[in-house]
Amino acid sequence: MEKIKFTFEDVGESVEFFVLEQTKLNGSVYILVTDSQEDDAECLILKETASKEDGESIYEVVEDDTELLAVSKLFEELLEDVDIEM
């Protein structure tokens, strides 16, 4: 499982997440990340909002309920052994 570092620009803190899956829906890129490899780990669905020339991407947490439901169902289909609870 790939581990990547996210930096929160507003507070200057960095956090590492494990990337479980990546998908595209309606032209937008989404990633499913978790902070732990344990079975009942918390996860976040992040949406790529911009891509810089240096290869870094900018992601935001998906908060819109309709978008979150659609993307979570897609991730559940891609990862057959994963249940996403909201």
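How many bridges join strand β2 to strand β3? Seven do, and the two strands run antiparallel. Strand β2 covers residues 13-25, and strand β3 covers residues 28-34. This is a predicted model. One pair shows how the two strands meet: Thr-23 has Tyr-30 in β3 as its bridge partner.

Now widen the view to the sheet. Five strands form an open sheet. Their order is β1-β2-β3-β4-β5, with antiparallel pairing. The edges belong to β1 and β5, each of which pairs on one side only. Neighbouring strands are also turned against each other, by 50° on average with direction ignored. A helix joins the picture here. Helix α1, residues 65-78, packs on the sheet. This helix touches β2, β3 and β4. The direction of α1 makes about 80° with that of β2.

Go next to the edge strand β1. Its partner is β2, and seven bridges hold the antiparallel pairing of β1 and β2. Within this pairing, Glu-2 stands opposite Val-19 in β2. The two strands form a hairpin with four residues between them. In that hairpin, Gly-12 takes a positive phi near 70°.

Side chains also connect β1 and β2. The structure holds two salt bridges. One of them is formed by Lys-3 with Glu-16. Their closest N and O atoms are 3.2 Å apart. Lys-3 sits in strand β1 and Glu-16 in strand β2. These residues are 13 apart, so the pair links distant parts of the chain.

Last comes a look at empty space. Rolling a probe the size of a water molecule over the atoms shows where such space is left. The second largest pocket holds about 550 Å³ of space. Which elements give two or more residues to the lining of this pocket? They are β1 (2-8), β4 (43-51) and β5 (57-61). Both edge strands of the sheet, β1 and β5, are thus in that list.

In total, 17 residues line the second largest pocket. Nearest its centre lie Phe-6, Thr-7, Ser-57, Ile-58 and Tyr-59. What is the chemical make-up of the lining, nonpolar, polar or charged? Nine of the lining residues are nonpolar, two are polar and six are charged.

How values were computed
Residues numbered from 1 in each chain as written. Heavy atoms only, no water. 1 Å grid on protein atoms, 1.4 Å probe; cavity = no way out; pocket = protein on both sides within 12 Å on 5 of 7 lines; lining within 4 Å. Points joined across faces, edges and corners; volume = space filled by probe spheres on them. Nonpolar A, V, L, I, M, F, W, Y, C, P; charged D, E, K, R; others polar. Pairing = 2+ DSSP bridges. Axes fitted to C-alpha atoms, helices over the stretch in contact; angles between N-to-C directions. Contact = heavy atoms within 4.5 Å. Salt bridge = Lys/Arg side-chain N within 4 Å of Asp/Glu carboxyl O.
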